[in-house]
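Here are some exercises to work through with the model open beside you. Try each task before you read its solution.

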Amino acid sequence: FYLPRLRQIGISNVVVFIDAGQYQEAAEEYNRQIASSGIEVGFSPIQQFCSSTGVFHSKVSLFVGPKKCLALIGSGNLTYGGLSYNDEVWNAFCADGPDSLEAPIVNAVWQYLNGLLSHDTPQLIRMQFSWMLEYSDCLTNISKLDSISISDQDSEDFYFIANRKGLPILDQLKAIIQDEEVAKLSIVSPFFDRSGTGLCNIIDKFRPKKIICYTDKTTVVMPIEISPSYLANISF
C-alpha cells in the first residue's frame with residue numbers, strides 16, 4: 001500500500017527499521033505481494049532487536065529532499081490501517097535549512113535514526129544513509145546543529161524523545177519538566193496493562209492534580225486491577 005506511493009512521487013532511497021520479532025512475518029508478506037503482483041517495489045529492511053520483553057515500536061519517518069526535510073512522528077504503524085482509516089495522531093516538522101524554526105526536531109530525528117545503525121548494519125544501508133547527506137545540502141546543514149528542541153512563538157516547547165539505553169522516556173520527561181507543578185495530564189492511549197503499572201509510574205513521577213485518559217473501552221484491556229488509591233484523580 002505504502003511503498004508504491006513513494007515510488008510514484010520519485011522517492012527511490014527507502015530504508016525501513018522493523019522489529020526483529022515481526023521481521024520474518026513482514027518478509028513473507030512482502031514476498032507474497034511480489035509473487036502476486038509481479039512488481040518489485042523495493043526497500044531496505046533493518047531488523048531491530050530489543051530486550052527479551054521489549055518491542056521496537058517507534059513510528060517515525062524522515063523524508064529527505066535536496067532543499068527540504070520533513071519529519072513525521074506519530075502513532076500509526078506502517079500498515080494500511082495505521083495510514084488510512086485508524087484514528088492516529090501525527091506531528092509534522094518541516095525545515096529548509098538550519099535556520100528554520102523546526103530544524104532542531106528534524107535534526108533530533110536524523111540523529112535518532114543514525115543511532116539505530118550498528119556494527120552489524122550492512123554496508124549498503126550505511127551507503128544509503130550517506131547518500132541522504134550527499135544529495136541533500138539541507139540535511140547536511142541541519143545535521144550540524146547542536147540544538148534538538150524548539151520553542152515556538154506561543155512559548156510552547158517541543159522535544160523529540162525516544163527510549164534509549166539507560167534513559168527511559170519518563171526520566172527524560174522528568175528532566176524536561178523538572179520541578180514544575182503538573183496541573184493536568186491528558187493521555188491519549190488505546191493500550192494499558194491490567195495492573196495499570198505504566199499509568200501508576202506516570203502518576204508517581206509527576207504527581208498531576210488531574211488526569212484524563214482518552215481511550216476506546218470497547219476494544220482494549222483497561223487497567224481494571226489498578227490500586228483504588230490511584231483512581232481518585234483519573235477520568236477515563
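**Exercise 1: Salt bridges**

A search of the whole structure finds three salt bridges (a side-chain nitrogen of Lys or Arg within 4 Å of a carboxyl oxygen of Asp or Glu). This is a predicted model, in which local features need pLDDT of at least 70, side-chain atom pairs count only at pLDDT 80 or more, and totals for chains, interfaces and linings use all residues. Residues are numbered from 1 along each chain as its sequence is written, and side-chain values use heavy atoms, leaving out hydrogens and water.

Task: find which residue forms a salt bridge with Lys205, and place both in the chain.

Solution.
- Step 1: the partner is Asp171, with the closest N and O atoms 2.8 Å apart.
- Step 2: Lys205 sits in helix α7 (residues 197-206) and Asp171 in helix α6 (residues 169-177), 34 residues apart; helices are DSSP runs of H or I, at least four residues, numbered from the N terminus.

**Exercise 2: A loop pair**

Task: decide whether Lys209 and Glu181 are buried or exposed, and say where they lie.

Solution.
- Step 1: their closest N and O atoms are 3.2 Å apart, in a salt bridge.
- Step 2: Lys209 lies in the loop between α7 and β9 (210-214), and Glu181 in the loop between α6 and β8 (184-188), so the pair ties together parts 28 residues apart in sequence (strands are DSSP runs of E, at least two residues).
- Step 3: both are exposed (over 50% relative accessible area, 1.4 Å probe, protein chains only; buried is under 20%, partly exposed in between).
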